[in-house]
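Colleague: Could you take me slowly through one part of this model, the place where the ligand sits, and then through the parts of the chain that belong with that description? I am new to reading structures, so please keep each step explicit.

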Amino acid sequence: MHRPRAIAAGLLAGTLAGVVLTVVMLLLAWLFGVATPLAIFGDRLSVFIPADTFLSLMGRVGGYNHMKQLGVGSVIFGQVLVGALGGMVYGLVTRHRRYIGFGVTGTIFLLLPLAAVLVFLWPVLGTHYFGLPIRRATAVTLLGLAAAFAAFERTLILTFRFLTRPKMQINNQEFSPSIGRRAMLFGGLGILLAGGAAGLLRKLYGLATFSYDGIQYKGRTVQPITPNDQFYCVTKNVVDPHVNPSFWRLEITGLVKTRQTYRLDRLKALPAVMQETTLMCISNGLDAGLMSNAVWKGVPMGALLNAATPLPGAAKVRLHGVDNYTDTFPLEKAMDPTTLVVYEMNGEPLPHRHGYPARAIVPGYFGEKHVKWITRIEVADANAKGFYETQGWGPDFIVPTRSRFDQPDHESTFNIAMARNGIRVDGVAFGGDRGISRVEVSFDDGENWQEAKLDYPGTKLTWALWSYDWRPEAPDDYTLVVHAVDGEGEVQEWDEDRPFKSGTTGFHKIVVHVSG
Ligand SMILES: Nc1nc2c(c(=O)[nH]1)N[C@H]1C(S)=C(S)[C@@H](COP(=O)(O)O)O[C@H]1N2
Ligand SMILES: [Mo]
């Protein structure tokens, strides 16, 4: 076989095989909830990218959603590219030989990639979108990938053979579609498949988190309790888990005397508590709405841990979600009666995007500790780290006191006649698990402070809603500032030394124009 012909046939067969590989992965993900490199490759890589680099990358590509899309797109492109190159090398090697057995191609195109996945992706293989526990999920991921690689190997070899098959005798007539015609046939098949892949991708895109990741809750619609469908949302995932409760288990493992496993009905049968708690994301800006409040129902984490009996040396818990998200906090905090594993939100089962069937509630800590789709509580030593911690977030994960204006809008203008009748100024204030005792507003950029009314004082674990009836006397440009005092009497402050990776501090300011 001539060299150019071997290269062309190899490239074509490899590209087709790469497309088949991608289609099989998409099908496995969609039909069986299998984690494929399309999604978990990014999870694996992102822990190696320091938080500042991650943020600046995210800024450059236009946000978390774009970054996720870029990630999935790159993996697909990379897969097809590696497939094509693999096919080309295969073509060059087989050029002088009639036949290379499955022993060789199976090793190169099936076992080797599986081994690479095992080594490089090991920490994220325990992901499963329908909620299998981590060990079973790992087995299912490996099986699924073996099937996908086998589909790649078979497509590559059979296509290459077909494209380069020597002349055939049919009814004593020589039948030999030229390589050009066969290539066209396969090119067409490739395009059809790619079309199918695009269709599948579009379907999965509809299920993806892009439409709701980063939703905020702020402005004049803010109520004491956030309705479930308006609760802010943050997820690391491209597609969120959709847990099937019959697969799902909650395991208590690690440094414990007796491991425990709970099914959902057993968890729900334990003595439950209702608790109103506010959550806020570590990356919530001073004027932003990555903060919401709900009434949660569930079981104290301490009861689950006590039933397993933590061993000496236990210092932290590491929580695992079925999406392979992890986070840690001190065992002492896990034992606090307000730290919960919850299965209801505002009287309804947890919505899928907020962690169905169960999530952690860790009052006073940033949102990232409130692990969704929780499947394992691992009792660990002091060195354990979680997903974002490994990226370099922290070291402080306790919410500093915070306050925000919800109205009026920044840069809004009022007529003085209207303004003299009173402008409603209001917003929220949040003091982690310390509560809010007082909120003050300044209309002269912090020179003088007026006490606001606490319309909704909240509890120790929630935000408070405040308001002030402002009656400016003269037309001017006013700079409004708000600050809060937490339940322990500590005044909200700007902490110059706090790294942004431990969450921003400072004051929300707005400018309001009163015209003559
Ligand atoms: N399993 C899992 N839990 C998770 C996350 C995640 O991506 N996966 N994101 C965390 C982050 S960063 C935040 S701020 C909160 C947001 O919770 P919410 O979407 O219910 O508001 O969930 C946390 N729990
Ligand atoms: Mo977050």
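Modeller: What follows is a walk from the ligand outwards to a few loops and one helix.

Please keep in mind throughout that this is a predicted model. Ligand 1 is surrounded by 18 residues, and the closest of them are Tyr 232, Lys 236, His 354, Arg 359 and Lys 372. Sorted by class, this shell consists of 9 nonpolar, 4 polar and 5 charged residues.

Some of the pairs of atoms can be followed one by one. An oxygen atom of ligand 1 lies 2.7 Å from an N or O atom in the side chain of Arg 359, and an oxygen atom of the ligand is 2.8 Å from a polar backbone atom of Lys 236. A nitrogen atom of ligand 1, for its part, is 2.8 Å from an N or O atom in the side chain of Asp 323. On its own, ligand 1 has 530 Å² of accessible area, and the protein covers 99% of this.

His 354, one of the closest residues to the ligand, deserves a look of its own. Its place is in the loop between strand S10 (348-349) and strand S11 (359-361). With a relative accessible area of 2%, His 354 counts as buried, because the limit for that word is under 20%. Apart from neighbours within four places in sequence, His 354 is in contact with Asn 228, Phe 231, Tyr 232, Cys 233, Met 345, Arg 359 and Lys 372. Tyr 232, Arg 359 and Lys 372 are also listed among the residues closest to ligand 1.

Two asparagines in loops can be read in a similar way. Asn 324 lies in the loop between strand S7 (316-321) and strand S8 (326-330); its phi is near 70 degrees, a positive value in a residue other than glycine, and Asn 324 is buried, with a relative accessible area of 16%. Asn 346, in the loop between strand S9 (340-345) and S10, has a positive phi as well, near 50 degrees, but Asn 346 is partly exposed, at a relative accessible area of 24%.

Finally, consider helix H9 (residues 301-308), where Met 301, Gly 302, Leu 304, Leu 305 and Ala 308 are buried. Seen down the axis of H9, these buried residues fall within an arc of 160 degrees, so they line one face of the helix. Just after H9 comes Thr 309, which takes a positive phi of about 55 degrees.

Definitions and conventions:
Residues are numbered from 1 along each chain as its sequence is written. Chains are lettered from A and ligands numbered from 1 in the order in which they are written. This is a predicted model: local features need pLDDT of at least 70, side-chain atom pairs count only at pLDDT 80 or more; totals for chains, interfaces and linings use all residues. Side-chain values use heavy atoms; hydrogens and water are left out. A residue is near a molecule or strand if one of its heavy atoms lies within 4 Å of it. A polar contact is a pair of N or O atoms within 3.5 Å; within protein, one must be able to donate a hydrogen and the other to accept it, and residues adjacent in sequence count only if both atoms are side-chain atoms. Accessible areas come from the Shrake-Rupley method with a 1.4 Å probe; for residues, only the protein chains shown count as cover. Ala, Val, Leu, Ile, Met, Phe, Trp, Tyr, Cys and Pro count as nonpolar, Asp, Glu, Lys and Arg as charged, and the others, Gly among them, as polar. Buried means under 20% relative accessible area, exposed over 50%, partly exposed in between (1.4 Å probe, protein chains only). Helices (H or I, at least four residues) and strands (E, at least two) are DSSP runs, numbered from the N terminus. The arc is that of the directions from the helix axis to the C-beta atoms. Contact means heavy atoms within 4.5 Å.
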